[in-house]
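User: Please take a close look at one part of this model. Then work outward from there to what surrounds it. Short sentences are fine.

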There are 2 protein chains.
Amino acid sequence: MIVKMAHNQSYWASIDADIESHLKKAIPIRPPVSVFEPMHYLVFAAPRTTAPALCVASCELVGGHRDQAMAAASAIHLMHAASYTHEHLPLTDRPMPRPTIPHAFNPNVELLTGDGIMPFGFELLARSDDPAQNNSDRILRAIIEITRAAGSQGMVDGQYLQVQMQGGQLNGAELHDAGWIEHVCKKKEGMINGLLYGVGKNEKGMMELVERLRKLALKELESFNDRKVESISSIVEANLCSV
Amino acid sequence: MIVKMAHNQSYWASIDADIESHLKKAIPIRPPVSVFEPMHYLVFAAPRTTAPALCVASCELVGGHRDQAMAAASAIHLMHAASYTHEHLPLTDRPMPRPTIPHAFNPNVELLTGDGIMPFGFELLARSDDPAQNNSDRILRAIIEITRAAGSQGMVDGQYLQVQMQGGQLNGAELHDAGWIEHVCKKKEGMINGLLYGVGKNEKGMMELVERLRKLALKELESFNDRKVESISSIVEANLCSV
């Protein structure tokens, strides 16, 4: 059991390291520093979530290569970083939310930088299109999934929750195998919604929803026969404890 | 001259009416009203700019159909509406910006709604992909243009300015004719940057930049031989007066 957990941990750690490295290349601190320093800072100051790693893991789960999911995983982190930044802005009508990282820049800069980080995530993903691979359709589908989670549907279900839950896992799979999408769509209710990390809020009803979706997610994963499923299951299992 | 202006005005008015109708269909007020009412309100409360209409006009300029550019034009307005909403938020460290429409919702709702409107714009554009038309590449390119204007490049040059200037015109053309893009890219410095509406700020140096780009834009337009160029030229000419 200890060996299994160690294996899982190194698997997730290696994905996280690759995503971080991808993001560092995409957002270097370069002139004008007044723009790229806050952008760089806020992207890496936002706490990591498991959604980007799940995006990569689900791509590998269906036989895809890690590189195929790297832009989508980065975009998911950027959505989260933008939301996180805005969630911690001091507005005149609300108290500062829960204690967090110290504000390194003034609120106006953080507001506008968040507004820039969000479209930059989609730019990164859209630019990952490789005409030689003829994968524009898949990238568009990944964009639709992430925008839906962060936009219209996200606002309905609670912005922060949705960015975490829906943005992650299936994008990775979709990037690899368009044919697999139909299957994925049927499993969607369970699998995508099973990405629970970040749901640490105790709003009434929310935890019940989360628990229901977590069970559904684990049930859906039963239909896969692959060693990587074990890793994903373990992270879904552990999720409610880790926030 | 009066006849020409009247013709131009009805041309722009008809485009604006079509974009408005497209947006109204895309963002109906529906349950949950707590989400879609502020979204609907803020999208239509933001003052119109010429960028979305220029997107449509440039599509028609190269022989495309108005419908091909409607999703991109709507996305451009949504970027503007989100930026405009955030620009008028009362943050603790800044005075309220210039007098504007009254706040119909509290700042927290306006902040989060703006965060939802932005990805919703890209969702709208990504969903306009029609597999039968095999136009995923063009839509991805339009997404790159708009995200670049609103994101990385936008932050460098001043967010608000760039959403207006770069987001508009060429997206329309790109949606119609991928082959035309190379030509467009060469003309980019001049043409795209000539979309000046909304640049009403008097930051030092900004007006000089604007004037330089305006002249460049008019020069680039000389190479086209089409009656619609006249309309576009007239709006570039008039731009500095109208803000």
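Analyst: **The helix and its surroundings**

In helix 3 of chain B, the buried residues are B:Ala51, B:Pro52, B:Ala53, B:Leu54, B:Cys55, B:Val56, B:Ala57, B:Ser58, B:Cys59, B:Glu60 and B:Leu61. Buried means under 20% relative accessible area, exposed over 50%, and partly exposed in between (1.4 Å probe, protein chains only). Helices are DSSP runs of H or I with at least four residues, numbered from the N terminus. The helix spans residues 51-61, and 11 of its 11 residues are buried.

This is a predicted model, so local features need pLDDT of at least 70 and side-chain atom pairs count only at pLDDT 80 or more, while totals for chains, interfaces and linings use all residues. Residues are numbered from 1 along each chain as its sequence is written, chains are lettered from A and ligands numbered from 1 in the order written, and side-chain values use heavy atoms, leaving out hydrogens and water.

Just after helix 3 of chain B comes B:Gly63, with a positive phi of about 90°. Most residues other than glycine have a negative phi, and most peptide bonds are trans. The peptide bond from B:Pro31 to B:Pro32 is cis, with omega near -10°. B:Pro32 sits in the loop between helix 1 (2-26) and helix 2 of chain B. In chain A, a cis bond joins A:Pro31 and A:Pro32, with omega about -5°.

Now the salt bridges (a side-chain nitrogen of Lys or Arg within 4 Å of a carboxyl oxygen of Asp or Glu). There are 10 over all chains. B:Arg66 pairs with B:Asp18, closest N and O atoms 2.9 Å apart. This pair links distant parts of the chain: B:Arg66 is in helix 4, B:Asp18 in helix 1, 48 residues apart. B:Arg66 is buried at 13% relative accessibility, whereas B:Asp18 is partly exposed at 33%. In chain A, A:Asp18, A:Glu60 and A:Arg66 form a network of salt bridges.

B:Arg127 meets B:Glu123 at 2.9 Å, N to O. Both lie in helix 5 of chain B, 4 residues apart, about one turn. B:Glu123 is buried at 4%; B:Arg127 is partly exposed at 47%.

Next, the neighbouring chain. Between chain B and chain A there are 0 salt bridges. The area buried between them is about 3900 Å², and carbon and sulfur atoms give 71% of it. Buried area is the accessible area (1.4 Å probe) that two parts lose on being put together, summed over both. Helix 2 (33-45), helix 5 (107-127), helix 6 (136-150) and helix 7 (152-157) of chain B each supply at least two residues to the side touching chain A. Helix 5 gives the largest share, 14 residues.

The contact (heavy atoms within 4.5 Å) takes 41 residues from each of chain B and chain A. B:Leu91 touches residues of chain A including A:Leu89, A:Leu91, A:Pro107 and A:Leu111. B:Leu91 is in the loop between helix 4 (66-87) and helix 5 of chain B, and is buried at 2%.

Finally, the symmetry. A turn of 180° and a shift of 0.0 Å along the axis lay chain B on chain A with an RMSD of 0.0 Å. The copies are therefore related as by a two-fold rotation axis. The same surface serves both: 100% of the contact residues of chain B recur in chain A. Superposition is by least squares on C-alpha atoms of residues with pLDDT of at least 70 in both copies.

Conventions
Lists of a residue's contacts leave out its neighbours within four places in sequence.
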